[in-house]
Amino acid sequence: MTEVSMEKQFSKAQSETNQKTAGYPIYVVVGAGPVGVRCAERLLENSEDAQVVLIGAEDEAPYNRVRLSQYLSQELSLQELENPVRKQSAGRLAEFHNRRITRIDRQERIVFDEEGAPQPYTKLILATGSRPRVPDIPGAHLENIIPFRDLRDAKVLTRLRDKSQTILVAGAGALGLEAAAALKTQKNRVVLLARAGLLGGKLSTTSEDYLKAALSVLQVELIAGAEIEVFNGSKTVSNVQLSSGENLHVDTVVLCTGITPETTLGEESGLDTARGIQVSSFMETSDPDIYAIGECAEFAEQVYQLVRPGFEQADICARHICAQKDKDIPTPYSGSRTDIELKISHIPCALLGKTEPGGNTSVYRYENRFRGQCREIYLREGKLVGASLIGAWSERARISTAVNDGESISADALCRFEQDGYLWTKQEKQGIKQQPDSYLVCQCNGVSKGELCAAIANGKRSLHDLEMETQAGSVCGSCRPFMAELLDTPVPNLVMRHATSILLISLLSLLLIAIAVFLPAPDVSNSVQVNWYLKNLWYDNFWKQVSGYTLLGLCLLTASLSLRKRLKKRNLGHLDHWRYFHSIVGCVALLVLIVHTGFRLGDNLNLALMLVFLAATCTGSLVGVFMARNHHWTDLKLREHRKWWSRVHYALLWALPVLIFFHILAVYYF
């Protein structure tokens, strides 16, 4: 007997044993990504006796690939990235990892892995997802050219981020934007290549300008309208030649250039495929015993590259498989909204519903440049059909619901929106605790405030436990601050070291500047009762030289921060320690200045020198305030304002050496 016939005979026997003798259905899900895990959960939920088998090809246990960018930016730990099947299975769930399915025997209803091990099924669900699209560019095989798709890629990029001086991120879609922000550190340079505009050109010109400003604040460089022509390097990529003629020296290239549906298993099994595996409105393939969901599925000539449509497909698929009666059959799938939601550092961005202008679509806009907020709503015949946002918007959850329902918007609401940025009353600005129990906190999983409160009352008192119980916050994570607020647990921020001390020193410096400018100088010449040492400090030539040269030395010390920034290859201590040292020296310099001048601003050249010195110190102190509070006032674009004040600070510092030179020359000459 041949090996093939023996395998077939064994397979048939295995199938009969598990499906007929056991007397219960076996539902096999191939693919342990978020959509596959969701399908397994829904199959357990909608059936009472079925055995559910979840098979993943990766080494790792199921994890949330939607939040890989947050893991890359060190906002999440590996534990927080876990995405297990959360439903109680009562022994009805079997999970296999590092097991790649390579063949389907549709006649016998058995799948085989790489080693030939069989797994019978009653119904088979393909959730094989997609693979990264690697552009056909010369040199794309070189080392350190990494497609960003899975946890293994994220771990490699974490290592390369700390070693690389220049990183090029190719592709400015949602993944590319998040990856560029996550890869940026104080020691490296990150360049984002946007061939067709940010988010694929789906933003309006105004919104794109705000998003560009956000990237600039993060010090992510943007190159727009250019393509990669060739990757150069002997073994590792070292240079990228662009269509604009620019040659960019790089250490690492991250490819975020789109995805290709993983249809290999379906194609080799004879299923109908086009871009993806073609499915019906109940996610059935051309074989009624096989379903396809997520990024590998194609419905009505469309492949969805987002996780939320995959969740909707998983729900319909599971309910259709488990339906016992006609009344249990779900409403046919009719497609999904293609909302795009992302967070670049602390800045939320979203495109909700239909945001294409033109025709009978009216666009209304609200801008607040200080807060870095741009909000746009799209109406057709008075009904809300789409919205976009850059920056925080407390009405975001209600906006999504209103777009989904096509809610009518009154003229008064439109006037209020254009004036203060809110469509409804400002009660929406209240905290989550003031919202009704029906308020939808987690848009991705449809979890309300009431469900979260019930879970908290049942003893789920941490973010992790609350997520495991309700699934809220397990997809994009944007609702986790609301969950933390319900738990009375502050969401941890990556705060700058010595932030409190720098804030206090900066405020003290601003106070000293105000005293020097606005308080009148004391008149020590009218009284013989004034302490002799004050007269010595303010009038004696020797002590004036001591305080003057001390001040000059302190000014040179403060310039050491600039030295630290420019010697990036040298390990000269953490930059935050230098900032702390810089702020202390700056405050001491102000005190010495008061001693040196006796609170007098002077005249002519001395007045110019005093004003420039005080202005430079003032702007430096403001930069210190912005740095210290940057991770607390997340709705303000403090980094951008800090950058602006820093430029003014540097400009004033360039004028100081010239003025000091003429001041010393004038003192000794005259």
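# Exercises on a predicted model

**Exercise 1. Work out whether Ser-73 is buried or exposed, and what surrounds it.**

Start with the accessibility. Ser-73 has a relative accessible area of 18%. The cut-off for buried is under 20%, so Ser-73 counts as buried. Keep in mind as you go that this is a predicted model.

Next, find its place in the chain. Ser-73 sits in the loop between helix H3 (68-72) and helix H4 (78-81).

Now look for company from elsewhere in the sequence. If you leave aside neighbours within four places in sequence, Ser-73 is in contact with Arg-161 and Ala-182. You can also check Ala-154: it is 81 residues from Ser-73 in sequence, yet the two C-alpha atoms are 9.7 Å apart in space.

**Exercise 2. Get an overview of the whole protein chain: its secondary structure, its buried share and its surface.**

Count the elements to begin with. The chain has 21 helices and 27 strands.

Then turn to burial. Of the 670 residues, 48% are buried. The accessible surface comes to about 33,000 Å², and carbon and sulfur atoms hold 53% of that.

Finish with the contacts. Among those with a separation of 6 or more, 64% are between residues 24 or more positions apart.

**Exercise 3. Find which strands pair with strand S22 (residues 347-353), and decide how enclosed S22 is.**

Take strand S21 (residues 340-344) to begin with. S21 and S22 run antiparallel and are joined by 5 bridges. One pair to look up is Ile-340, whose bridge partner in S22 is Leu-351.

How many residues lie between S21 and S22 in their hairpin? There are 2, and Ser-345 in the turn has a positive phi of about 60°.

Now try strand S25 (residues 383-390). It is antiparallel to S22 too, again with 5 bridges. Here Leu-351 has Ser-388 as its bridge partner.

Last comes burial. In S22, 5 of the 7 residues are buried, so the strand is largely enclosed by the rest of the structure.

**Exercise 4. Place Ser-207 and list what it touches.**

Ser-207 belongs to helix H7 (residues 205-217). Its relative accessibility is 0%, so it counts as buried.

Skip the neighbours within four places in sequence, and the contacts of Ser-207 are Cys-374, Glu-376, Ser-388 and Ile-390. You've met one of these already: Ser-388 is the bridge partner of Leu-351 in S25.

**Exercise 5. Check the span of helix H15 (residues 499-518) and pick out its buried residues.**

H15 has 20 residues, and at 1.5 Å a residue it should span 28 Å. The C-alpha atoms at its ends are 28 Å apart, so the two values agree.

For the burial pattern, remember that an α-helix has 3.6 residues a turn, so residues three or four places apart point the same way. The buried residues of H15 include Ile-502, Ile-505, Ser-509, Leu-512 and Ala-516.

**Exercise 6. Trace some salt bridges and say which parts of the chain they link.**

The total is 22 salt bridges. As background, side chains of opposite charge can pair when their charged atoms come close.

Step one is Glu-114 with Arg-100, where the closest N and O atoms are 3.9 Å apart. Glu-114 lies in the loop between S5 and S6, and Arg-100 in the loop between S3 and S4, so the pair ties together parts 14 residues apart in sequence. Glu-114 is exposed, at 56% relative accessible area, while Arg-100 is partly exposed, at 44%.

Step two is Asp-289 with Arg-109, at 4.0 Å from N to O. This pair links distant parts of the chain, 180 residues apart. Arg-109 is partly exposed, with a relative accessible area of 28%.

Step three is Arg-131 with Glu-262, at 3.3 Å between the closest N and O atoms. Arg-131 is in strand S8 and Glu-262 in the loop between strand S17 and helix H8, 131 residues apart. Both are partly exposed: Arg-131 at 38% and Glu-262 at 23%.

To round off, look for a network. Arg-308, Arg-337, Asp-339, Glu-341 and Arg-396 are linked in one.

**Exercise 7. Explain why Cys-322 does not form a disulfide with Cys-39.**

The closest cysteine sulfur to that of Cys-322 is in Cys-39, 8.6 Å away. A disulfide needs the sulfur atoms within 2.5 Å, so this pair is too far apart for a bond. The count of disulfides is 0. Cys-322 itself is buried, with a relative accessible area of 7%.

Definitions and conventions:
Residues are numbered from 1 along each chain as its sequence is written. This is a predicted model: local features need pLDDT of at least 70, side-chain atom pairs count only at pLDDT 80 or more; totals for chains, interfaces and linings use all residues. Side-chain values use heavy atoms; hydrogens and water are left out. Buried means under 20% relative accessible area, exposed over 50%, partly exposed in between (1.4 Å probe, protein chains only). Helices (H or I, at least four residues) and strands (E, at least two) are DSSP runs, numbered from the N terminus. Two strands pair if DSSP finds at least two bridges between them. Contact means heavy atoms within 4.5 Å. The expected span of a helix is 1.5 Å times one less than its number of residues. A salt bridge is a side-chain nitrogen of Lys or Arg within 4 Å of a carboxyl oxygen of Asp or Glu. Accessible areas come from the Shrake-Rupley method with a 1.4 Å probe; for residues, only the protein chains shown count as cover.
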